[in-house]
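Subject: Structure handover

Hello,

Here is the structure you asked for, with my notes on a few residues and one helix below it. Please read the notes with the model open.

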Amino acid sequence: MNSENDLKHFNALIEAYPTATAIYSDRNITIAAANQEMLALWGKNNSVIGKEMAAAIPELINQPFINLLQQVYDTGITYHGEQEAADLIVDGQLKTSYFNFTYKALKDEHGKTVAIIHNAIDVTELVLTKKKISETEERLSFALESAEIGTWEMNPLNETVFWDQRCREIFGFDGHEEIEYKSVLHCIHPLDKQKVAMAVAAAIDPNRTETYDLRYRTVSQSNKTLRWVHCKGKAYFDDRGAVYRFAGIAMDITKEITANLSEQQLLSLIRHNADHMSIADMEGRLIYMNQSGRKMLGVPENADITTMTASDFYTPEELARVQQTLIPQISEESGWQGVIHLRNYQNKQEIPCDVNYILIKDPFSGATIGRGATARDLRPEIKAKAELKRLATIVDISEDFCNYCDLDGNTIYINEAGGKLIGIDPKHINGANLYQYHSAASSAEIRDRIIPELYTHGKWSGRLELVHQVTGEIIPIHKQLFIIRQEFSNEPVAIAGIARDMRRELNAKKAVDKKTEELQQAIKEMEFLANTVPAVVWTSHPDGMLDYINDRWHERSDVSIAESLGQGWIKVMHPDDVKGVIQRWKLSVDSGNPYQTEFRMLDKHGNYRWWLVRALALKDANDKIIKWYGTNTDITDQKELERQKDNFLAVASHELKTPVTSIKAYAQVLEMMLNRAGDTKNAVLMSKMDGQINRLTSLIGDLLDVTKINSGRLEFDNVPFDFNQMMLEIIEDMQLTSGRHQIKHQLSFKRMVTGDRERIAQVVINLITNAIKYSPNADRIIIYTEDHDTEVQLCVQDFGIGLTRDKMDRVFEQFYRVSGTKEHTFPGLGLGLYISSEIIKQLGGKIWVNSVIEKGSTFCFAIPLNNGN
Ligand code: ADP
């Protein structure tokens with residue numbers, strides 16, 4: 001660097017340097033060279049060249065640079081400065097600039113520093129921008145921090161979330177590590193989880209890019225704290241539309257929500273309060289009225305309350321009182337309370353109310369800005385009081401004993417009837433103790449047993465005794481006791497009692513007991529009586545269950561009485577009879593008709609005996625069966641006699657038949673011979689004899705039929721025949737036998753009948769014979785037949801002696817003949833109708849008679865057209 005030329009080159013080199021460069025040539029930092037950039041940085045011109053730095057740039061004297069340069073000169077170690085501030089006077093002004101620079105020692109071949117080369121880049125702009133950025137960031141984070149807002153950022157590619165500390169708090173995460181999106185979902189309240197997932201999906205979906213703005217609940221994983229969070233976010237998409245970032249903020253809005261909630265609750269409380277609540281400004285203009293208020297005062301739900309004034313809800317007089325007297329009395333602390341008559345806006349009805357006024361103050365200025373009123377409708381209370389009064393009156397005038405005592409038994413109240421029952425004046429009850437007017441035994445019971453029970457169960461009822469305070473009479477009562485408790489504390493305060501005088505009831509019961517005893521005695525006597533009669537006597541419930549049988553039964557049958565009750569009696573019955581007997585008994589039980597039947601029953605010796613059973617139902621005024629009364633009569637002997645009689649008849653009629661047939665033949669031969677001999681006189685006698693033989697034959701025929709019927713041997717043909725044809729033949733024959741009667745007929749039935757023509761004809765002939773026989777003074781009989789679809793009905797009407805009601809029922813019995821004076825004038829065995837009715841019965845038909853005594857009878861039968869089925 002010695003030569004002038006070298007220096008020139010050197011300077012040109014430095015000048016050519018793209019960055020600011022200077023060369024210092026000694027330890028005093030003499031500026032050997034500096035390019036334009038460096039001079040510009042210093043804010044100096046060429047005049048500094050050749051000067052020591054301290055002299056050339058005096059503002060650097062108290063800054064570290066000169067020292068630093070000297071250190072580099074001494075040590076030879078390069079120094080790098082990064083963004084270091086230097087205060088330099090540029091354009092006459094001290095200005096702080098920032099530089100990145102290097103002080104590098106230039107050394108000779110011995111390693112000794114001969115100069116320092118200084119490169120510098122002005123980074124002021126960069127530093128200031130950085131500073132600005134960091135200040136803005138600081139401000140932002142300060143703002144976020146003070147607003148308690150957290151920030152988050154989600155990387156949708158790897159589903160991780162970066163969260164600042166605040167966010168971590170809000171969501172309840174402890175550490176600092178990255179959080180996976182799915183663990184974020186764990187922190188969200190189960191009810192909100194889906195909502196959040198959907199909103200996130202919508203926000204990061206390139207086709208939707210919806211703004212993410214959501215309020216939801218989080219539940220801290222560590223301590224389960226529930227928070228309300230307001231999250232806002234935005235997703236960023238690259239040029240190809242793929243999401244690469246999703247970031248936003250989160251705020252804890254729990255306080256706001258809960259504050260809102262409590263405000264809402266308060267408002268709802270006011271709105272739904274049962275009492276009227278309203279707010280008015282100082283001029284009396286209404287600002288608010290709750291639902292009950294509107295309802296009570298008849299304000300339509302949608303009416304604008306602010307258009308109304310107090311005068312809408314008071315009578316003019318009451319309004320004057322409120323405005324002039326009451327409002328000035330409203331105290332700042334305690335308001336005003338009292339009864340005011342409000343008025344319904346619509347129906348103008350006055351409503352007595354317990355009203356509370358308070359003054360409403362501006363919370364900030366403390367000035368009174370309005371009045372609040374709560375009002376309770378007193379009408380239910382007034383009504384309840386009236387109700388109570390009425391109730392009290394009822395108790396007062398009740399015919400039952402009513403009293404009310406304190407817990408020590410001192411009577412506070414007793415009603416008129418109560419006083420009368422125990423002989424004291426209710427007005428002078430003077431706390432008379434209840435133990436005083438109960439008998440000693442009852443008092444002990446009340447003290448030891450009833451009061452403790454009242455305390456536990458609240459009530460007691462049962463029998464006690466009062467003592468009449470004047471006569472000393474012991475009065476049995478049925479008492480109900482109740483404990484009365486304080487409304488709120490539920491502490492027992494009194495005992496109330498109601499009692500009924502039991503004397504009349506007990507006397508009535510005594511009378512009933514006596515009657516029952518007498519009745520029992522009567523029953524016993526009845527049973528005794530029943531046991532003395534020879535027949536079996538029994539009774540049964542309306543449903544047919546036996547409830548009593550006398551001792552005779554046990555003596556005759558093989559079962560005990562106890563076993564026979566109910567349906568037990570069936571056990572000893574002959575198996576062949578059971579079905580029929582039960583059927584008939586059931587028929588009677590159902591209809592209430594008399595019951596009669598015969599059956600065989602095992603006796604003590606193992607033999608079956610025949611019994612005739614008859615029972616009648618005892619009925620009440622409404623024809624309802626109360627009880628059945630029955631008797632069983634042993635008819636075994638009778639049955640045996642009947643059997644012998646039937647046997648005899650069978651044998652006798654059979655034995656008679658042969659000789660009578662012979663006699664008839666002889667008589668007919670004789671008659672013929674006498675006629676031939678011209679002995680007409682004797683021939684007539686013979687003919688009469690033949691007539692009597694005919695009668696005898698007919699009687700024997702009847703007897704034979706009866707024996708057949710009784711032994712069940714009556715047999716029937718079953719062939720179709722022309723019923724009308726049969727009728728015409730019978731009528732013709734019968735007409736020949738009766739000269740006196742004309743047999744008229746109306747034969748409407750014209751069809752075929754299947755059955756036994758002979759037997760049916762026998763019945764018809766029997767009815768016509770009887771009609772002629774029992775109407776000796778009449779001159780006609782009439783025969784009708786009718787077609788009844790499935791039946792043919794035949795009736796024979798006569799105008800003869802007729803039958804009484806009771807006889808009508810019995811003419812179809814075996815050997816029955818109407819007794820009386822006329823009996824002998826009409827011969828017969830009393831078998832014709834019996835045989836007829838048996839024939840009709842066996843054909844599945846029915847036979848009956850209608851008759852009026854002295855006027856005539858009509859005998860009818862009806863049989864099914866097809867008897868074979
Ligand atoms: P009988 O005629 O042989 O006495 P029935 O059995 O035919 O026997 O009649 C029984 C009783 O019924 C008769 O004794 C009579 O008293 C009464 N009776 C029958 N038919 C008539 C009638 N048409 N009018 C009045 N009584 C009659």
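Ile394 sits in helix α12, which covers residues 379–397. Please keep in mind that this is a predicted model. Ile394 has a relative accessible area of 52%, so it counts as exposed. Together with Leu388 and Leu391, Ile394 makes up a nonpolar patch on the surface, and the accessible area of the three adds up to about 320 Å². As background, residues three or four places apart in an α-helix point the same way, because there are 3.6 residues a turn.

The other helix I looked at in some detail is α5, residues 124–146. With 23 residues at 1.5 Å a residue, α5 should span 33 Å, and its end C-alpha atoms are 32 Å apart, so the two values agree. Its buried residues are Thr124, Val127 and Leu144. What do they pack against? The partners are four strands: β3 (79–90), β4 (93–107), β5 (113–122) and β6 (149–155). Just past the end of α5, Glu148 has a positive phi of about 55°.

Three polar residues turned out to be buried.

- Asn403 is in strand β17 (residues 401–406). Its relative accessible area is 5%, below the 20% cut-off, so Asn403 is buried. The side chain of Asn403 makes a polar contact of 2.9 Å with that of Tyr437. Beyond its neighbours within four places in sequence, Asn403 contacts residues including Tyr413, Ile414, Lys479 and Gly497.

- Gln793 belongs to strand β31 (residues 791–797). Gln793 is buried because its relative accessibility is 14%, where buried means under 20%. A polar contact of 3.3 Å links its side chain to that of His788. Outside the four places on either side in sequence, Gln793 is in contact with Tyr784, Thr785, Glu786, His788, Trp848, Phe861 and Ala862.

- Asn724 is part of helix α21 (residues 723–737). A relative accessible area of 13% makes Asn724 buried too. Apart from residues up to four places away in sequence, Asn724 touches Leu747, Phe749 and Lys750. For a sense of distance, the C-alpha atom of Asn724 is 57 Å from that of Arg552, which is 172 residues away along the chain.

If you open only two places, I would look at the patch of Leu388, Leu391 and Ile394 on the surface, and then at the side-chain contact between Asn403 and Tyr437.

Regards

Technical notes:
Residues numbered from 1 in each chain as written. Predicted model: local features only at pLDDT ≥ 70, side-chain atom pairs only at ≥ 80, totals over all residues. Heavy atoms only, no water. Patch = residues over 30% accessible without salt bridge, like charges linked within 9 Å, V, L, I, M, F, W, Y side chains within 5 Å. Areas by Shrake-Rupley, 256 points an atom, 1.4 Å probe, with all protein chains shown as cover. Salt bridge = Lys/Arg side-chain N within 4 Å of Asp/Glu carboxyl O. Helix = DSSP H or I, 4+ residues; strand = E, 2+ residues; numbered from the N terminus. Buried < 20%, exposed > 50% of the residue type's maximum accessible area, 1.4 Å probe, protein only. Polar contact = N/O pair within 3.5 Å; in protein donor to acceptor, adjacent residues only side chain to side chain. Contact = heavy atoms within 4.5 Å. Expected span 1.5 Å × (residues − 1).
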